[in-house]
Amino acid sequence: MTMKSSDVAVGDTFEDVLVEDLKRTQLVMYSGTSGDYNPLHTDDPYCRESAGYPGVFARGMLTMGMSGRLVTDRFGAENVKRYGVRFTNQVWPGDDLKGKAVVDKIREEDGETLVDLTITTTNQKGDVVISGYATAKVEG
């Protein structure tokens, strides 16, 4: 899938519900997929008793992956040139996450038309859990 530059304009905003009521099962499934079974993300008693957290919380990379769909669903994974985020708040089981991508700039570089985006993911309270950026190629 390749979006055309005529389909996008500076200031365009794309919003998606990324997850409603994040389940502990999703945290464990991501652990299995990533091969990382850190108990902070899988073991409630460990989190409470040894680490001082109220319970398990999502890995930042899980939230980053969900947020990345804002770009890949519209521009295609093959057209993503850059994607980076900053983790600003923890994501907990039961959270609802909403993502937003805003087109900041459309530019030419090395013979390609590129779209620069600002990415923001918030929880049900409106707290920003991820802030970031992406660049995707579009057809000129």
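**Reading salt bridges and strand pairing**

Mentor: Aspartate 16 has a relative accessible area of 22%, so this residue counts as partly exposed. The model in which we read this value is predicted.

Trainee: What are the limits between buried, partly exposed and exposed?

Mentor: A residue is buried under 20% and exposed over 50%, with partly exposed in between. The value of 22% for aspartate 16 therefore places this residue in the middle class.

Trainee: With which residue does aspartate 16 form a salt bridge?

Mentor: The general idea is brief: side chains of opposite charge can pair when their charged atoms come close. Here the partner of aspartate 16 is arginine 74, and their closest N and O atoms are 2.9 Å apart. Aspartate 16 belongs to strand β1 (residues 13–19) and arginine 74 to helix α3, so this pair ties together parts that are 58 residues apart in sequence. Arginine 74 has a relative accessible area of 17% and is therefore buried.

Trainee: How many salt bridges does a search of the whole structure find?

Mentor: The search finds 9. One of them joins the side chains of aspartate 44 and arginine 24, at 2.5 Å from N to O. That pair links distant parts of the chain, since aspartate 44 is in helix α2 (residues 44–49) and arginine 24 is in helix α1 (residues 24–34), 20 residues apart.

Trainee: Is aspartate 44 buried or exposed?

Mentor: Aspartate 44 is at 19% relative accessibility, so it counts as buried. Arginine 24, with a relative accessible area of 43%, is partly exposed.

Trainee: Which residue meets arginine 59 in a salt bridge?

Mentor: The side chain of arginine 59 meets that of aspartate 36, with 3.4 Å from N to O. Arginine 59 is in the loop between α2 and α3, and aspartate 36 is in the loop between α1 and α2, so the salt bridge ties together parts that are 23 residues apart in sequence. Arginine 59 is buried, with a relative accessible area of 9%, whereas aspartate 36 is partly exposed, at 36%. Elsewhere, Arg24, Asp44 and Arg48 are joined into one network by salt bridges that share partners.

Trainee: Where is arginine 69 found?

Mentor: Arginine 69 is found in helix α3 (residues 60–75). A relative accessibility of 32% makes arginine 69 partly exposed. To read its surroundings, one sets aside the neighbours within four places in sequence; the residues then in contact with arginine 69 are Val17, Leu18 and Arg74. A polar atom of the arginine 69 side chain lies 3.0 Å from the backbone oxygen of leucine 18. From arginine 69 to valine 80 the chain covers 11 residues in sequence, and their C-alpha atoms are 11 Å apart in space.

Trainee: How many bridges join strand β2 to strand β5?

Mentor: Strand pairing is read by counting bridges, with at least two needed between a pair of strands. Strand β2 (residues 80–87) is joined to β5 (residues 128–138) by 7 bridges, and the two run antiparallel. Glycine 84, for example, has tyrosine 133 of β5 as its bridge partner.

Trainee: How many bridges join strand β4 to β5?

Mentor: There are 10 bridges between β4 (residues 112–123) and β5, which also run antiparallel. Among the residues involved, threonine 120 has serine 131 in β5 as its bridge partner.

Trainee: What do β4 and β5 form?

Mentor: They form a hairpin with 4 residues between the strands, and glycine 126 in the turn has a positive phi of about 90°.

Key:
Residues are numbered from 1 along each chain as its sequence is written. This is a predicted model: local features need pLDDT of at least 70, side-chain atom pairs count only at pLDDT 80 or more; totals for chains, interfaces and linings use all residues. Side-chain values use heavy atoms; hydrogens and water are left out. Buried means under 20% relative accessible area, exposed over 50%, partly exposed in between (1.4 Å probe, protein chains only). Contact means heavy atoms within 4.5 Å. A polar contact is a pair of N or O atoms within 3.5 Å; within protein, one must be able to donate a hydrogen and the other to accept it, and residues adjacent in sequence count only if both atoms are side-chain atoms. A salt bridge is a side-chain nitrogen of Lys or Arg within 4 Å of a carboxyl oxygen of Asp or Glu.
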